Amino acid sequence: MMLQESFKYTPLKKIESLYYPESTPHAPYVLPHPLPTGVHVEEIEWQAFKQKFAELPPNHPALQNTQGKAWRLTISAAYDAHEPLILNYSGSMATQQFVGIDLELLPDSRCDVQQTFSDSGALNVLLHSTIGEGAQLSLLRLQNMDKTHGSMLGLTRMTLAQNSAAQTFTVNSGARLARIEDHIHLTSPHSNIKTTTLMLLKERQHGDITSVIHHDAEQTTSIQECRTVLADDTTGVFQGLIKVSPHAQKTDGQQMSRALLLSPSATMNTKPELEIFADDVKCSHGAAIGALDDQMLFYLRARGIPDQLARQLLIEAFICEPLQELSQIASFKTEKLLRAYIESDRA
Amino acid sequence: MIVATPLLDLKNLTVQLNDKVILKGVDLCINAGEVHAIMGPNGAGKSTLGYALAGRDGYTVTHGQMHFKGDELLSLTPEERVAKGLFLSMQYPVEIPGVSTLLFLRTALNSVRKARGLEELDAPAGLKLIREKAKILNIDDAYLKRPINVGFSGGEKKRLEALQMILLEPSLAILDETDSGLDIDALKLVASTINGLRNQERGLLVITHYQRLLDYITPDRIHILAEGKIVRSGAADLAHQLEAHGYNAVASETTP
């Protein structure tokens, strides 16, 4: 993938303008403490960790650094998590940090990981994940950095083995600029991925969701859903590429992006792409961009509901529908973020 | 002599939609306690009248006045008109995915109560009231959990409109084609619910194509709307003449 092409709607110059001098990162704060038996963490060498992203252009902005730190998190075979592993990342004022996690799920393990990103500064978060045979990962990501002084680049590479599954739920609602870029490799039969993303933007925020899903084996499934709400002078980007290799017959790839524009000066850029080299596959993509529905709004107001409350109800309906997928704990945390957005004056 | 203020007083009401003049000077006066019906062929402007009264965007009043309880409606938002006592039951109720019917009903009820200076109902009290009223219309609890109008049949949607009406207790209810989509049993049920609302303070404006609904809700006055004007008004039996002879024949006779 050409770097310039991939950063067409989130210009590298714009990212650079938010850069700060690099500082040595601190480890993400991990909960519970102490870690449960079956979860192991150790620091690993940064340069070797970076090699795991070698297929990406070396000048990718999330890989431009000298002082990164990385940790390996191993989930032992057949481990079955009762409570989520929580990784809290916080940026620090006027500095730039590079933090990496190498998350390995050994065969038949089940793990629930929650990542939160907060505070100001520039945060570059790399996640490399291998999901072993029959393993299941549930990944919740809540990005709620400072809207004026925070920026975030997230770069993820995930590989799924036979009969494994990953489900991700991402809320991208903070930071002046945030790009979450996922590269998913379905390398063995019967592996599947489901991603749900909510982008909630206001003021002058720029949010970018970019994903490349590689179907590299027979009978693999991917389902992607992205919902974006844009208020004020915001810019949203959704780029989704589904690649189906010649031998990846019986692939099922579905992708949908919906964007709700609340302001005439908000911009949404949507780029769905399919590259299919196998002949027996089912792939679909859809993109919809629109304002709040006038008929719905009038119907609510004609029942006495004031204009602003009616708008909130409709925005809530748009973004809360995918929440039903989440566990109770995860949805409690997520809802707090969503409510803050819905009830703010601008939305 | 004390002359009561009419509930609704329209004078020379002229309304256009996208530069097209739809209503061309409608005069209509409804007093408290009265039931009026508006009949007319397709495209006569019946629904436009309902939308203009409810304050829908795009329905521009270019001339005339619409007084409701003595005040001009024009400067009021749709929600302010509802708080003041106007209710429009729509011909095509809108489906809203993602918003539960119960949440919608409770929000509407409390918005209107608040605007009328009444105390808002807490969740259990609101639920109790909504369930009570829903029972009158044979609306099952399961429907209340579903998103607004999503997957409802035509008749179910109309029953839900009637539920909203009795919850919001309007002084003037405008019923736009409330009978369409209803089977005979549902029609009787909805009609008896509407009749249950009738009293000395309330008025009804029934918009319909057919006399069917008027067999159950007897109007005091019937008006024929054709090409944006009321061309004839009369007593309840006018509906039967229309049914027998058609709009063209009846509309061309002069008002007695």
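Chain A has six helices and 18 strands. The model is predicted, and the exercises below work through both of its chains.

**Exercise 1. Overall form of chain A**

Task: Find the radius of gyration of chain A and state how it compares with that of a compact globule.

Solution:
- Step 1. Chain A has 347 residues, and a compact globule of that length would have a radius of gyration near 20 Å.
- Step 2. The value for chain A is 20 Å, so it agrees with the globule rule.
- Step 3. The C-alpha trace of chain A spans about 60 × 50 × 40 Å along its principal axes.
- Step 4. Of the 347 residues, 46% count as buried.
- Step 5. Take the contacts in chain A between residues at least 6 apart in sequence: 86% of them join residues at least 24 apart.

**Exercise 2. The same treatment for chain B**

Task: State how many helices and strands chain B has, then set its radius of gyration against the globule rule.

Solution:
- Step 1. Chain B contains nine helices and twelve strands.
- Step 2. For 256 residues the rule gives a radius of gyration near 18 Å; chain B has 18 Å, so the two agree.
- Step 3. The principal axes of the C-alpha trace of chain B give spans of about 55 × 45 × 40 Å.
- Step 4. In chain B, 44% of the 256 residues are buried.
- Step 5. Among contacts between residues at least 6 apart in the sequence of chain B, 69% join residues at least 24 apart.

**Exercise 3. Two residues of chain A**

Task: Decide whether A:Thr197 is buried or exposed, and do likewise for A:Leu326.

Solution:
- Step 1. Locate A:Thr197: it is in strand β12 (residues 192-201) of chain A.
- Step 2. A:Thr197 has 24 C-beta neighbours inside 10 Å. The cut-off for a buried residue is 20 or more, so A:Thr197 counts as buried.
- Step 3. Leaving out residues up to four places away in sequence, A:Thr197 touches A:Thr170, A:Asn172, A:Ile209 and A:Cys226.
- Step 4. Locate A:Leu326: it is in the loop between α5 (307-320) and α6 (328-342) of chain A.
- Step 5. A:Leu326 has 18 other C-beta atoms within 10 Å and is therefore partly exposed.
- Step 6. Beyond its neighbours within four places in sequence, A:Leu326 is in contact with A:Phe169, A:Ser331 and A:Thr334.
- Step 7. A:Leu326 and A:Ser138 are 188 residues apart along the chain, while their C-alpha atoms are separated by 9.6 Å.

**Exercise 4. Helix α8 of chain B**

Task: Work out why the buried residues of α8(B) can be said to line one face of the helix.

Solution:
- Step 1. Helix α8 of chain B covers residues 238-245, and its buried residues are B:Leu238, B:Ala239 and B:Leu242.
- Step 2. Viewed down the axis of α8(B), these buried residues fall within an arc of 105 degrees, so they line one face.
- Step 3. On the face of α8(B) turned away from the buried side are the exposed residues B:Ala244 and B:His245.
- Step 4. The cover over the buried residues includes β3 (35-39), β11 (221-226), β12 (229-234) and α9 (247-252) of chain B.
- Step 5. After α8(B) comes B:Gly246, which has a positive phi near 90 degrees.

**Exercise 5. A loop glycine in chain B**

Task: Say where B:Gly228 is placed and which residues it touches.

Solution:
- Step 1. B:Gly228 is in the loop between β11 and β12 of chain B.
- Step 2. It has 22 C-beta neighbours inside 10 Å and so counts as buried.
- Step 3. Not counting residues up to four places away in sequence, B:Gly228 touches B:Val21, B:Ile22, B:Leu23, B:Lys24 and B:Gly45.

**Exercise 6. Packing of α6(B) and α7(B)**

Task: Classify how the axes of α6(B) and α7(B) are set to each other.

Solution:
- Step 1. The axes of α6(B) and α7(B) (residues 184-197) come within 11 Å and cross at roughly 10 degrees.
- Step 2. Angles under 35 degrees count as roughly parallel, and the two helices are therefore roughly parallel to each other.
- Step 3. From α6(B), B:Gly155, B:Lys158, B:Arg159, B:Ala162 and B:Ile166 meet B:Ala186, B:Val190, B:Thr193, B:Ile194 and B:Leu197 of α7(B).
- Step 4. By class, the residues of this contact are six nonpolar, two polar and two charged.

**Exercise 7. Where the chains meet**

Task: Name the element of chain B that gives the most to the side touching chain A.

Solution:
- Step 1. The contact takes 21 residues from chain B and 18 residues from chain A.
- Step 2. On the chain B side, α2 (78-84), β7 (96-100), α3 (101-115) and α6 (154-168) give two or more residues.
- Step 3. Of the elements, α3(B) gives the most, with five residues.
- Step 4. The side of chain B that touches chain A has 13 nonpolar, five polar and three charged residues.

Notes. Residues are numbered from 1 along each chain as its sequence is written. Chains are lettered from A and ligands numbered from 1 in the order in which they are written. This is a predicted model: local features need pLDDT of at least 70, side-chain atom pairs count only at pLDDT 80 or more; totals for chains, interfaces and linings use all residues. A residue is buried if 20 or more other C-beta atoms lie within 10 Å of its own, exposed if 12 or fewer, and partly exposed in between; C-beta atoms are placed from the backbone. Helices (H or I, at least four residues) and strands (E, at least two) are DSSP runs, numbered from the N terminus. The arc is that of the directions from the helix axis to the C-beta atoms. Two residues are in contact if their C-beta atoms, placed from the backbone, lie within 7 Å. Ala, Val, Leu, Ile, Met, Phe, Trp, Tyr, Cys and Pro count as nonpolar, Asp, Glu, Lys and Arg as charged, and the others, Gly among them, as polar. The radius of gyration is taken over C-alpha atoms; the globule rule is 2.2 Å times the number of residues to the power 0.38. Axes are lines fitted to C-alpha atoms, for helices over the stretch in contact, and angles run from 0 to 180 degrees between N-to-C directions. Angles under 35 degrees count as roughly parallel, over 145 as roughly antiparallel, 65 to 115 as roughly perpendicular and the rest as oblique.
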